[in-house]
Amino acid sequence: MFQKLIQDPNQSIPSVILTSNLLLSSITGSAIGFLVGTATSIKKHRGLGFYYGAILGGIGGGIQSYFIYPDASLNLKMVSILTDAYIYHQKMSSKANKSLLLLTQQLSDIKLNIKSLIEESVKHTNNELFVYINPCLKNRLVNPESKQLLLNDRYKLKQIIDQFYQYSFKLNPNLNVTCFLHNVHHITKPLVSNSLFSYDQILTDFLLDNLEISLDKFLVQNLPNYESKKLNFVNLINKTETKNHEDKENFSKFDLIKQGKVYENSIIGGTFDRIHPGHKILLSESVLLTKNRLLIGVSDGPLIARKKLSELIEDFDTRCQNVKNFLKLVSPDLDVVTPLLTDPYGPSITEPDYQCIIVSQETSSGGEMVNKKRLENNLNELDIHIIDLANDDDSKTVDNTGDEVKISSSNQRRRLLGTLLKQPYIAYEEGKPYIIGLTGGLASGKSHILKDLQNLGAACIDTDKLGHKAYEKDTEAYRKIVEVFGNDILDESRNINRKELGKKVFNSAEELKKLTDIVWPEIRRLRDVEIEKSFSEGYKIIVVEAPVMIEAGWHQKVNEVWVVFVPEEEAIKRAMQRDGSTLEKVKQTLSSQLSNKEKLKYANVAFCPLWEREYTIRQVQKAWNLLLERTTKK
Ligand SMILES: CC(C)(COP(=O)(O)OP(=O)(O)OC[C@H]1O[C@@H](n2cnc3c(N)ncnc32)[C@H](O)[C@@H]1O)[C@@H](O)C(=O)NCCC(=O)NCCS
Ligand SMILES: Nc1ncnc2c1ncn2[C@@H]1O[C@H](COP(=O)(O)OP(=O)(O)OP(=O)(O)O)[C@@H](O)[C@H]1O
């Protein structure tokens, strides 16, 4: 596929190169460059060959002109030509962060070109892709009086957007794609200017045919902030697919869009953690079926407690907001409500004014149960629309630890392990040690991870060991402890008997605080000595393991907090097995620590050693590699 820079308000365009060829010197240079460029790229990119050729030509011309015409202004012109060519080249090869893809063909043509359109759009975009399908656009440019029309083939539209979400995820799972569904039930006003929608590049299938000026006018009238932007404008020229996709016809019985149905109000339900393409397809098909109101039950509490890596599920308000934000962009006229769902039915079995429920192949039985309950409650049955499951092609190759084959939130959560969840508290500074505070609950597996990090090259400090040091006879802390808790905590050799001391403090928060007020400052002092020592020995990354790091407030001085967690039942099992402790004692210790969820709020990186050891090591290796990247840059 060939792309062309067709408009750039601020930069002179490469046609300057061609017109400047009137200069004899650069014609010679360009010709040589063109030949060289073409020859080097003869197989694939003759276009690129030309650009490189033009650049080389410019250089050739420049050198020539320097010798033939020692005229300064001419040389300046040469420099400007070269600069233009360079800027153009950079734009051609660089990606924008956010693109708006403007599709103006008929839906059947878009469908035929769909794969290559998605491939090109993904290739040109780093973070966010907004897709605006408006086949009326061409007509309106030729004849601005012509009317906007509704997109009445909603089934084709559904097939197109489903593909957009699925295939773009396969090509780049980190790209956030949003397909606007305007002009489906109503003629929607211009695209909503919204803080959630901005773009720095327009991609389009629109062939210009001397309509640049009207296109520009249209964009000024219809796109937020268009005028003020310096846009890269990339034209995607169609390449009809040689192979037609097979339409999935098997589920057409449950495909109410295919049957041409439209409803006033519909219902869906879900957890919607880290909205993924499966959710986007569910929400978009709901939009295609619903004219007025969409009720979306959002699960929380008991419904999500047993989900895999539930500790990493976004909080309820964030999930509701994300769903609303998505729909605000996709279908600004739709009324959206997101009540709390603590059982699989929620308001779906008590609200009379709804006609349709949208589910997936895996939750279709939930739809049937809703209808059963509605009948019991003397309410109308809902029509059930079933969407296909969007599959995750990477799931089997990721880690073989139970990833689901469908695109799922739990796969997404698992992929977060070992990655940077939020920016470091203190950025890396050359010449200073980089401190990682490693923390986690009882028996979560911190010690193993500390060992792994040591094997990878970090200096490791175990604050538990420093704690023991702080209790040693005749230290400052020792004297204070005896003073506060009395001689009966000492054994015959006048060492502190930690068991006896434990008896005094573990049942009283007040007594425990007296102890930690003495011991924690001492541990902190010893830790700083160890950090200095390791740094002077040449270690750049120093990991300090501290089970109570956050409780003690030590996280405020570290560059990053890394949190290790396993579900509480698992931690109890492991602690009882490892230490031979009673259930009661383990529970008591756990209750004196912050919960996993609380700790994870501070986490820059999280690990979950719930599966085979090998998989934990892989999480640590991933975290280490990423850490090296951010501590070697600048
Ligand atoms: C009990 C419910 C709400 C819990 O939701 P769940 O935890 O499964 O939500 P999740 O966020 O994972 O998914 C939300 C919806 O998207 C669907 N979905 C998830 N992944 C995919 C995928 N890859 N492809 C297609 N659809 C997907 C789910 O099947 C579900 O229908 C739900 O699954 C259910 O049973 N729905 C049917 C009944 C219903 O809608 N009740 C609530 C009415 S208010
Ligand atoms: N993947 C795993 N599967 C099963 N058991 C594990 C796994 N990883 C660690 N364990 C076990 O869990 C227990 C806790 O691990 P570890 O001692 O590393 O935890 P910790 O966080 O350092 O604990 P604490 O802070 O309580 O001393 C150990 O007995 C360990 O062998």
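Begin by selecting helix H15, because this tour opens at ligand 2, where H15 supplies 3 residues, the largest share of the shell around that ligand. Keep in mind throughout that the model on your screen is predicted.

**Stop 1: ligand 2**

With H15 (446-456) still highlighted, add helix H20 (568-579), since each of these two helices supplies at least two residues of the shell around ligand 2. Now show the whole shell, which consists of Gly441, Leu442, Ala443, Ser444, Gly445, Lys446, Ser447, His448, Arg574, Arg578, Pro609 and Trp611. If you colour these residues by class, you should find 4 nonpolar, 5 polar and 3 charged ones.

Which atoms of the protein should you look at next? Select glycine 445, where a polar backbone atom is 2.9 Å from an oxygen atom of ligand 2, and then lysine 446, where an N or O atom in the side chain is 2.7 Å from an oxygen atom of the ligand. Move from there to arginine 574, which has a polar side-chain atom 3.3 Å from a nitrogen atom of ligand 2. To see how far the protein covers this ligand, switch on a surface: ligand 2 taken alone exposes 640 Å², and the protein buries 73% of that.

**Stop 2: asparagine 596**

Next select helix H22, residues 596-600, and pick out asparagine 596 within it. Is this residue buried or exposed? Asparagine 596 counts as buried, because its relative accessibility is 16% and the cut-off for buried is under 20%. Leaving aside residues up to four places away in sequence, asparagine 596 touches Glu311, Phe565, Val566, Pro567 and Glu568, and you can display these one after another.

**Stop 3: the domains**

Now step back and colour the protein by its four ranges, namely domain 1 (2-92), domain 2 (96-235), domain 3 (263-387) and domain 4 (417-458 + 539-634). Hide domains 1 and 4 for a moment and look at the other two: the centres of domain 2 and domain 3, taken over C-alpha atoms, are separated by 27 Å. Where they meet, 25 residues of domain 2 are in contact with 17 residues of domain 3.

**Stop 4: ligand 1**

Select ligand 1 and the 30 residues around it, of which Thr271, Lys307, Ser360, Glu362 and Ile407 come nearest. This shell divides into 14 nonpolar, 12 polar and 4 charged residues. Which element gives the largest share of the shell? Strand S7 does, with 4 residues, while S7 (263-270), helix H9 (277-289), strand S8 (290-299) and strand S11 (356-360) each supply at least two.

For the polar contacts, begin at phenylalanine 272, whose backbone has an N or O atom 2.8 Å from an oxygen atom of ligand 1. Continue to serine 360, where an N or O atom of the side chain is 2.5 Å from an oxygen atom of the ligand, and then to glutamate 362, where a polar side-chain atom lies 2.6 Å from an oxygen atom of ligand 1. Taken alone, ligand 1 exposes 840 Å², and the protein buries 92% of that.

**Stop 5: isoleucine 387**

Finish by selecting strand S12, residues 383-387, in which isoleucine 387 lies. Isoleucine 387 counts as buried because its relative accessibility is 3%. Among the residues that isoleucine 387 touches, not counting those up to four places away in sequence, are Gly278, Ile281, Ile358 and Ser360. Draw a distance between the C-alpha atoms of isoleucine 387 and isoleucine 358, and you will find 7.6 Å, although the two residues are 29 residues apart along the chain.

How values were computed
Residues numbered from 1 in each chain as written. Chains lettered and ligands numbered in written order. Predicted model: local features only at pLDDT ≥ 70, side-chain atom pairs only at ≥ 80, totals over all residues. Heavy atoms only, no water. Near = heavy atom within 4 Å. Polar contact = N/O pair within 3.5 Å; in protein donor to acceptor, adjacent residues only side chain to side chain. Areas by Shrake-Rupley, 256 points an atom, 1.4 Å probe, with all protein chains shown as cover. Nonpolar A, V, L, I, M, F, W, Y, C, P; charged D, E, K, R; others polar. Buried < 20%, exposed > 50% of the residue type's maximum accessible area, 1.4 Å probe, protein only. Contact = heavy atoms within 4.5 Å. Domains from an automatic or database assignment.
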